[in-house]
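Biologist: I am new to this protein and would like to be led through it slowly. Could we look at it together, one question at a time?

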Amino acid sequence: MLTPIRLIVGIGNPGSKYALTRHNAGQRWVESLAELNLINLAASTRHQGYLGRGEIHGRDVRLLVPTTYVNNSGNSVGSVCRYFDLEPAEVLVAYDEVAFPAGVSRLKFGGGANGHNGVKSVIQHFSGSRDFGRLRIGVGHPGNASAVVGFLTRVDMPKADRELSEISSSLDEQCLSWLLEGDWQKAMTKFHSKPSLVSDEESKERPNETKPATD
């Protein structure tokens, strides 16, 4: 039985100084989705984020951008899920992924956090459950684990790389429809069959060798 997606979360740090950084790739993705579907994201003190509700491909969906800083994203996600009685499997989290270069994005259901503190926080607030969807948006890696934090949070992502990430993470109507229905197999097959924007060698997932990024 398929489990439809009822909440889509975009992880990022609050404030204009972080808006164009790599760590805010997920936030930018959800904000674009909201704009495209005319969904207003309004500040919610109760849920520590910007929250909106609307119809996407005929389905009632909530969109959330936490304002807790990345490391505490689970505070906001957990609050929304408890309030609206949502299960982890009904949630899709979009976030930056250093394991992939800009131009490579992947859909995934379940699994670990690969050093991403925002995803770790969500897992914690799901009482350890990892059974939720992810959109991993490639942002590249500085080549040195000790430089990851600054790479993600202290410098803007170059425009060319932002555009590559936006293109690679875009979901066509059919793919998004399958995803919202909870048909992960069809959605992933279609999404991952898109022509690669980078070489095969670059697109290979890096081993989990990074230190967790902080706010």
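Biologist: Is Tyr83 buried, partly exposed or exposed?
Modeller: This is a predicted model, and in it the relative accessibility of Tyr83 comes to 47%. Exposed would require over 50% and buried under 20%, so with its 47% Tyr83 counts as partly exposed.

Biologist: Which residue forms an aromatic pair with Tyr83, and what is the geometry of that pair?
Modeller: The structure holds 4 aromatic pairs, and Tyr83 takes part in one whose ring centres lie 4.9 Å apart with 80° between the planes. The partner has 21% relative accessibility and therefore also counts as partly exposed. The pair is edge-to-face, and the partner of Tyr83 is Phe84.

Biologist: Which residue has its charged end over the ring of Phe84?
Modeller: Besides its pairing with Tyr83, the ring of Phe84 has a charged end sitting over it, 3.6 Å from the ring centre. A comparable arrangement is found where Arg106 lies over the face of Phe100, at 5.9 Å from the ring centre. Over Phe84, the residue in question is Arg62.

Biologist: Why is the pair of Phe126 and Phe132 called edge-to-face?
Modeller: Both Phe126 and Phe132 are buried, and their ring centres are 5.5 Å apart. Planes over 60 degrees apart count as edge-to-face, so what decides the class of this pair is the angle between its planes, which is 65°.

Biologist: In what order do the strands of the open sheet lie?
Modeller: The open sheet has 7 strands with mixed pairing, and the twist averages 25° from one strand to the next. Strand S2 (42-44) and strand S6 (105-109) are the edge strands, each pairing on one side only. Read across the sheet, the order is S2-S3-S4-S1-S5-S7-S6.

Biologist: Which residues stand opposite Ile8 in S5 and in S4?
Modeller: S1 runs parallel to S5, to which 4 bridges join it, and parallel to S4 as well, with 3 bridges. Both faces of S1 are covered, since Leu7 and Val9 on one side and Ile8 and Gly10 on the other are all buried. The residue opposite Ile8 in S5 is Leu92, and the bridge partner of Ile8 in S4 is Leu63.

Biologist: How many bridges join strand S5 to strand S7?
Modeller: Strand S5 covers residues 91-97 and runs parallel to strand S7, residues 133-138. Along this pairing, Val93 has Arg134 as its bridge partner, while the partner of Tyr95 is Arg136. S5 is mostly covered, with 7 of its 7 residues buried, and the number of bridges joining S5 to S7 is 6.

Biologist: At about what angle does helix H6 run to S4?
Modeller: Helix H6, residues 173-181, lies across several strands, including S1 (7-10), S3 (49-56) and S4 (59-66). S5 and S6 are crossed by H6 too. To S4, helix H6 runs at about 90°.

Biologist: Which residues touch the most other members of the largest nonpolar core?
Modeller: This core has 34 residues, and among the elements that give two or more residues to it are S4, S5, H6 and helix H7 (184-192). The largest share, 5 residues, comes from H1, and a second, separate core of 19 residues includes Leu7, Leu51, Cys81 and Ile123. In the largest core, the residues that touch the most other members are Ile8, Trp29, Leu63 and Leu107.

Biologist: Is Ser165 buried or exposed?
Modeller: Ser165 lies in helix H5, residues 159-168, and the residues that Ser165 touches include Ala102, Gly103, Ile137 and Met157. Its relative accessibility is 5%, and because buried means under 20%, Ser165 counts as buried.

Key:
Residues numbered from 1 in each chain as written. Predicted model: local features only at pLDDT ≥ 70, side-chain atom pairs only at ≥ 80, totals over all residues. Heavy atoms only, no water. Pairing = 2+ DSSP bridges. Axes fitted to C-alpha atoms, helices over the stretch in contact; angles between N-to-C directions. Contact = heavy atoms within 4.5 Å. Core = buried A, V, L, I, M, F, W, Y, C linked by side-chain atoms within 4.5 Å. Buried < 20%, exposed > 50% of the residue type's maximum accessible area, 1.4 Å probe, protein only. Phe/Tyr/Trp six-rings, centres within 6.5 Å; stacked < 30°, edge-to-face > 60°. Lys NZ or Arg CZ within 6 Å of the ring centre and 35° of its normal. Lists of a residue's contacts leave out its neighbours within four places in sequence.
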